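Work through the exercises below with the model open. Try each task before you read its solution.

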Amino acid sequence: MLKSKNILLSETDVLIIGGGIMGATLASILKEVDSNLRVDIVEALSKPALESSHPSIMQGQAMQVIANLITPHFYQTIELTFKKRLRLMLDLKFRFNIGVI
Amino acid sequence: LTKKYPLFSPAKFIKRVPHISLVNGDKNIAYLKKRYFALKNNPLFKTIEFSSNFKTIGKWIPLLKSKKSVKKYAATKVESGTDVDFGEITFQLLSILKTKKNFHLRTEHKVLDINEHEDGSWLAKLTDDKEIKSKFVFIASGGNSLKLLQKTKVYEQIGYAGFPISGQWLVCKDPLVVAMHSAKVYGKADIGSPPMSMPHLDLRIINGEKILMFGPFASFTSKFLISGSFFDLISSVKFHNLKTLCIVFLKEWPLLIYLIKQNLKTHKNRMSDLRQFYPDAKSKDWHLEDAGIRVQIMKKTKKDGPKLEFGTEIIYSKQNNLAALLGASPGASISVQSMIHVVEKCIIKKERLSSWKSKIKKMIPSYDLDLEKNPKLLKKIRSTNQKILGINY
């Protein structure tokens with residue numbers, strides 16, 4: 001019978017994948033309310049907080065720029081333009097197909 | 001935490017930096033004034049100030065003062081604003097956690113697979129044939145959360161897809177320019193740009209160094225993390241989320257156009273955006289730097305069909321033995337609120353509910369309360385917190 005090569009590092013109550021601000025916050029709250037709780041954090045990189053939680057790469061409002069694209073007023077105006085363009089594209093395609101035939 | 005742990009040092013991660021909203025043009029000024037009166041009556045924004053006097057605004061934003069500034073401006077200011085270094089908070093929290101029993105931080109351990117056992121526990125397979133068994137799993141891996149959630153095969157992830165967007169900033173480190181700006185100034189996009197797309201000129205303090213950042217400028221990427229792979233986007237496309245992706249792309253066509261436009265911007269274009277806030281900005285003082293990558297959620301909704309979701313979302317498995325944090329903004333600033341939610345929903349056992357809740361209440365005095373309806377408590381908490389954090393004014 002083949003034996004599993006895998007090494008069981010630990011058996012824990014809470015496993016957090018990612019060593020950023022969210023994981024650190026959750027682990028801190030848990031250890032403050034119950035110090036006996038077993039908590040493990042695994043992080044793929046060599047240090048915590050090197051990706052999304054890193055101060056020099058946090059985008060701040062970047063996503064809000066995108067988010068605001070769908071605010072109703074703008075969305076409606078774009079939607080109209082989009083429909084017009086779509087109609088034009090379909091129309092051109094139609095003409096092209098006819099041309100090919 | 002400051003009382004309990006000498007390692008916890010707020011001065012290293014929080015600084016007082018006023019928050020300012022700046023607009024020009026009669027319509028925008030009227031809107032800002034209306035917003036000011038609406039916010040002023042809310043206890044949370046009681047200290048907000050408004051001015052349409054250029055002399056006052058010039059004092060708030062000295063970089064705006066120029067011979068070229070002929071437009072009519074209006075601005076609001078919240079003096080108690082802050083700049084927070086969430087990376088530093090993470091380091092400090094983890095350094096405290098490392099001193100505790102039954103806590104392990106394992107860096108350079110990548111999770112390759114996560115499988116559920118019949119008893120509801122999870123087995124995470126890591127690099128180098130290592131494994132961790134756990135009763136509860138929380139996935140908080142930024143852009144990579146979606147791919148890890150897909151590996152768990154929980155039913156709740158069906159139909160979820162992600163689209164990565166990276167960002168860039170114009171950065172200035174010239175001490176003479178930096179010294180002239182001591183706020184975070186948010187603008188309003190001009191006609192033709194997405195409304196309230198909020199370009200902003202920020203004073204940021206990173207590892208004690210003061211720098212100015214202007215942006216953000218969105219751009220394309222196929223990676224889910226800076227350290228990720230260019231195949232991230234393609235490998236996240238599954239049979240169950242393909243329809244969601246296609247429909248959202250068709251629906252959100254303007255977003256793609258916007259991204260293309262942003263990608264085509266030259267340094268000159270970006271500088272001209274910056275000059276709305278700093279008319280005398282010199283091109284040579286500013287350079288472009290990459291920001292992080294966000295993975296925007298796309299999902300099936302009962303009401304609107306496939307939809308691009310904004311904001312942060314926590315996905316829970318049916319048995320509440322797994323949770324995953326997806327989405328982009330707001331992120332770090334709501335970490336405590338969202339993690340309390342995870343604790344309440346998944347980790348507190350019924351028999352320990354009241355003792356845990358009272359412990360959380362001790363840590364967070366406003367827990368379970370609406371501060372908007374408790375102005376006295378709000379005032380008390382604010383002044384105590386400002387004192388402890390060293391940001392009183």
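Three short exercises on backbone geometry and strand pairing follow.

This is a predicted model, where local features need pLDDT of at least 70, side-chain atom pairs count only at pLDDT 80 or more, and totals for chains, interfaces and linings use all residues. Residues are numbered from 1 along each chain as its sequence is written, chains are lettered from A and ligands numbered from 1 in the order written, and side-chain values use heavy atoms, without hydrogens and water.

**Exercise 1.** Find which strands pair with E8(B).

Solution.
- Strands (E, at least two residues) are DSSP runs, numbered from the N terminus.
- Two strands pair if DSSP finds at least two bridges between them.
- Five bridges join E7(B), residues 111-116, to E8(B).
- Four bridges join E8(B) to E9(B).
- E7(B) and E8(B) run antiparallel, and E8(B) and E9(B) also run antiparallel.
- Ala124(B) is the bridge partner of Ile114(B) and of Ile132(B).

**Exercise 2.** Is E8(B) mostly covered or uncovered?

Solution.
- Buried means under 20% relative accessible area, exposed over 50%, and partly exposed in between (1.4 Å probe, protein chains only).
- E8(B) is mostly covered, with four of its five residues buried.

**Exercise 3.** Locate Asp128(B) and Asp129(B), then describe their phi and exposure.

Solution.
- Asp128(B) sits in the loop between E8 (122-126) and E9 (130-139) of chain B.
- Asp129(B) is found in the loop between E8 and E9 too.
- Asp128(B) has a positive phi of about 60°, though not a glycine.
- Asp129(B) also has a positive phi of about 60° and is not a glycine.
- Asp128(B) is exposed, at 59% relative accessible area.
- Asp129(B) is partly exposed, at 38%.
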